[in-house]
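Hi,

Here is the structure I promised to pass on. Have a look at it first, and then read my notes underneath.

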Amino acid sequence: MPGVTAASGRGLPSIARLAASWGVDYDHESKGIWFRLTRPGPEPEEPPTDDFARRPGFPVRPDPAGTDATTSAAPSAGRPGRTPADPGWGAPEVDPATARRPAGGPGAPNGSRSHHTDGTAAARAAVHKPARGSGAPTVRRSEPPALPAASDRLLRTPAGVESLEDALSSVRDLLHAEGAAVLLTERDGTLVVAASAGLTTEPGPDELSVVNLGPDARAGAPWIAADASDPVAAALRARSMAAAPLESQGRLTGLVVAVSAEPGRFDPADAARLGRIAEEMALSLEKARVGELERSWRGWLSFVAEASDLLAGTLDQERTMALVAQLVVPRLATWCAVYTDTDAGPPALAYVWHADETRADALRAQLDRAAQGPRPDTPGPWYGLAEVTGPDVAGTVFAFPLVARGRRIGALVIGRPVGDRFPRSAIELAEELSRRAALAVDNARLYSAQTAMSSALQRSLLPPDVPDIPGLEVAVVYEPAGEGSEVGGDFYDVFECPEREGGPGGPPVTGPVDRWRFAIGDVCGTGPQAAAVTGLARHALRILAAEELPVPGVLARLNRLILGEGERGRLLTLLHGEITPRPGRDGVTIALTSAGHPPALILDPDGTVHEVGTAQPLLGVFDDVDFHADTVELRRGQVLLCVTDGVTERRHGGRLLGDDAGLERLLAGCAGLSAGAVAARIQRVVRDFGPEPSNDDVALIVLRAS
């Protein structure tokens, strides 16, 4: 935790220490933190009704009939009483991060809905109070497990749920049944309870399937069961039952059933009446389901479009993988992991994200212990985590290959807790997102590789450290134009020129060095093409200086080299000089040649500024140019400033920094400063001169005799 005097920084550390669970939600424009604090003392009689407690992930099983959804010791009016020994379910304890999914989309839990501004809808779990008149305390129970709310066919809008409740009330009143339910068929043929009233129990996951139905159901006719031998009656723990199929365009979409605890409770007339109700319900239910499906997919299309925009907005590989996981959680899954394939060995776990931050580290540790990382060729279940934790803990896990440009680069793994299935729509959406994520990750990987290669090549063009020159302070500034560039068309260099034994090409003479060279140049243009000429010029300067050519001879040879490049050659302005100490340590003598470069300036200790050197042709234009050197005496306290046109031509509107002797006035104000201070002041003025960043490279060398 931050210290007691810290002004900030206590937010997330406080949550991590105090909260039982917490997590982060991201959308296109904002970031939100949720957390759950455990209330000390005994369990309250009523669940809290604040907005946070109504978040998805704190589900209390909704009772469509409006009666007590929790186990009660006293009977409720109009229905059989239940005791704690009964097999009925109460309000199961569910991890608060498991069910936070968008409404109208896959996996949203039952309950009311609130729509977000991003086009998706967020589900809020219903919070129920004890039944009126029961007077019994609320008892939290966890057995049997609640049915997963992850269904493609369940109605979720308040209007749809209300129509189901009204229909079930009509069934119970018409048939005088103790309970009624609507079962809907999933794509895999299983039957799930869409709504129920008066039931003491409901079937568990995968307990009912279309293949278990009798011939009457398959023929589309209502039927009755006088005992529990019927599979539907057995699953609902009923001793007698009347049922009728729900059909739409010749397809069996579900069942409507009435149940009783008495054997032989219903007769064929009850089945016929239920069949007429089913005919009316089938059309309205299918119409409501199609409407919800259309709204759901509109929301998901909006989500996919937003995800595509976010993935296209970054070219950082690690950030892209983190963004992929944060897009999946909690919209599609409780947790997500991104793996990247390696040339040798198992896939590497690159990023892990859990809806509950307190469980992320444990999840990463479990995934690290998996013997074999996922290498899926097609989307499907992955059992690597179950091998580590066991199937009762791993939950439902799916893996999707990340394939880009015909090559697999990794895998996307998503999971939900035990009992929470992935609907087909969530799998299809995750598959689509994995394809887009694969391209985004591969683009980021390629960009990172190219950037690393470019940076390595650019760094090779930069000179090493500036050498120490006795009696002379040296300061340099270099700022290339363009984002991500380390070198451009401007360059500088300061290096030693030791004498050679036996003439040029021989080994350096031992002893102190008494000659140094410096250069500052500007290649026409910016970017990689200019940088190529920069590398040629800088390395050629050192090689030619090692041949002990005088300064004019170096420029003449370099001019021929640039002309020999043909169309690849660029115009080059260059200021090149050789430094030798003056007798008695009274400054230095500089042999200076200016080839089309802005003239060097000398600042005297009294603040006077004047130009030195004569202008000569720039390089890369004329052949057989006869260059010559000017001798400059730099005495103690004097400053020599050499700049590129990125300084003098720094623009603010229609005005340049060098207009009306602007650079001279700026340098005159630096009297008495060290070389480093002069360089820093000029650099700051250049940056602040215009409101926009400079679009030209900037380089300068400051030499001060001390």
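Below is what I found, going from the whole protein to two sheets and then to a pair of helices.

One thing to keep in mind from the start: this is a predicted model.

**The whole protein**

The secondary structure adds up to 15 helices and 28 strands. Of the 706 residues in the protein, 49% are buried. I also looked at contacts between residues at least 6 apart in sequence: 64% of those join residues at least 24 apart.

**The sheet from β6 to β10**

Five strands make an open sheet here, and going across it you meet them in the order β7-β6-β10-β9-β8, with antiparallel pairing. The edges are taken by β7 (191-197) and β8 (223-225), each of which pairs on one side only. On average, neighbouring strands in this sheet are turned by 25 degrees against each other, if you ignore direction.

If you want to find the β8 edge on your screen, look for β9 (residues 240-248), which pairs with β8 in the antiparallel sense over three bridges. Ile224 is a handy marker, as it stands opposite Ala242 in β9.

**The sheet from β11 to β15**

This is another open sheet of five strands, in the order β12-β11-β15-β14-β13, and its pairing is antiparallel too. β12 (348-354) and β13 (380-381) are at the edges with a single partner strand each, so one side of each has no neighbour in the sheet.

β13 is joined to β14 (residues 396-404) by two bridges, and these strands run antiparallel. Where does the β13 residue Gly380 find its bridge partner in β14? It is Ala399. Pro381, in turn, stands opposite Phe398 in β14.

On to β14 and β15: nine bridges join them, again running antiparallel. Phe400 has Leu412 in β15 as its bridge partner. The two strands form a hairpin with two residues between them, and Arg405 in that hairpin takes a positive phi near 55 degrees.

Is β14 mostly covered or mostly open? Mostly covered: seven of its nine residues are buried. As a reminder for when you look at which way the residues point, side chains in a regular strand alternate between the two faces of the sheet.

Two helices lie across strands of this sheet:

- Helix α10 (residues 424-461) lies across β14 and β15, at about 40 degrees to β14.
- Helix α6 (residues 317-328) lies across β11 (335-340), β12 and β15 (407-416), at about 35 degrees to β12.

**The α11 and α12 pair**

Further along the chain, have a look at helix α11 (residues 528-546) and helix α12 (residues 551-564). They pack at an angle of about 140 degrees, and their axes are 10 Å apart. Angles over 145 degrees would count as roughly antiparallel, so at about 140 degrees α11 is oblique to α12. The crossing of α11 past α12 is right-handed.

Which residues meet there? From α11 you have Leu536, Ala537, Ala540, Leu541, Leu544 and Ala545, and from α12 Val554, Arg557, Leu558, Leu561 and Ile562. Sorted by type, the residues of this contact are 10 nonpolar, no polar and one charged.

That's what I have so far. Shout if anything is unclear.

Cheers

Conventions: Residues numbered from 1 in each chain as written. Predicted model: local features only at pLDDT ≥ 70, side-chain atom pairs only at ≥ 80, totals over all residues. Heavy atoms only, no water. Axes fitted to C-alpha atoms, helices over the stretch in contact; angles between N-to-C directions. Helix = DSSP H or I, 4+ residues; strand = E, 2+ residues; numbered from the N terminus. Parallel < 35°, antiparallel > 145°, perpendicular 65-115°, else oblique. Left-handed = near helix turned anticlockwise from the far one by under 90°. Contact = heavy atoms within 4.5 Å. Nonpolar A, V, L, I, M, F, W, Y, C, P; charged D, E, K, R; others polar. Pairing = 2+ DSSP bridges. Buried < 20%, exposed > 50% of the residue type's maximum accessible area, 1.4 Å probe, protein only.
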